[in-house]
Amino acid sequence: MAMLVAGPLIDAQLVLPEATFPEVLVRLKQQYAEEYQDYLMVEKPHFFVALVWLELIFQWPLVLLNIYGILASKHWFHTTCLIYGASVITAMTALLGELMGSQKASDKLLTVYSPFMGLGVLAFLRGLVPNSGKAQTIGKRPAMAREKRA
């Protein structure tokens with residue numbers, strides 16, 4: 001749920017003019033940055049801005065597709081989960097590498113970002129698991145169907 005809301009409402013403030021957002025959201029982002037000492041939100045390093053663009057343009061639409069895929073039991077859900085998981089793991093590796101390598105991040109800040117690595121791993125693993133409970137099909141025919149002989 002955090003990915004669904006935080007991306008377009010909070011993270012987007014790093015790449016779009018703040019004037020496009022309501023004052024309450026701007027204050028919320030500032031309070032978060034102060035409370036968690038999120039130096040990435042304050043300093044806006046180029047790699048972090050690039051990761052926010054990745055989140056907004058690629059990952060956020062995948063979140064929407066995955067929610068739809070779950071609710072509508074779509075056969076392609078495991079594929080979008082795999083793609084999303086791989087993207088999140090890649091982005092979080094760079095992000096956590098910066099947070100831990102710079103030694104600027106507090107433990108409190110690490111507890112904010114670390115669960116997203118877990119989310120990426122879970123999504124990736126879910127993408128590797130085939131659809132369960134349904135017979136595998138090729139086109140409209142069951143994959144292992146045998147013809148009945150009289």
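The following exchange concerns a nonpolar patch and helix 2 in a predicted model.

Author: Residues are numbered from 1 along each chain as its sequence is written. In this predicted model local features need pLDDT of at least 70, side-chain atom pairs count only at pLDDT 80 or more, totals for chains, interfaces and linings use all residues, and side-chain values use heavy atoms, with hydrogens and water left out.

Reader: Why is Leu16 called partly exposed?

Author: Buried means under 20% relative accessible area, exposed over 50%, and partly exposed in between (1.4 Å probe, protein chains only). Leu16 has a relative accessible area of 37% and is therefore partly exposed. Leu16 lies in the loop between helix 1 (2-9) and helix 2 (23-35); helices are DSSP runs of H or I with at least four residues, numbered from the N terminus.

Reader: Which residues form a nonpolar patch on the surface with Leu16?

Author: Trp53, Ile57, Phe58 and Ile83 join Leu16 in the patch, with about 460 Å² of accessible area together. Helix 4 (residues 46-71) gives the most, with 3 residues.

Reader: What makes the buried residues of helix 2 lie on the same side?

Author: These residues are Leu25, Val26, Lys29, Tyr32 and Ala33. They cover an arc of only 125° around the axis (taken from the directions from the helix axis to the C-beta atoms), which puts them on the same side of helix 2. The face turned away from this buried side carries the exposed residues Val24, Gln31 and Glu34.

Reader: What follows just after helix 2?

Author: Gln37 takes a positive phi of about 50° there.

Terms used. Patch = residues over 30% accessible without salt bridge, like charges linked within 9 Å, V, L, I, M, F, W, Y side chains within 5 Å. Areas by Shrake-Rupley, 256 points an atom, 1.4 Å probe, with all protein chains shown as cover. Salt bridge = Lys/Arg side-chain N within 4 Å of Asp/Glu carboxyl O. Helix = DSSP H or I, 4+ residues; strand = E, 2+ residues; numbered from the N terminus.
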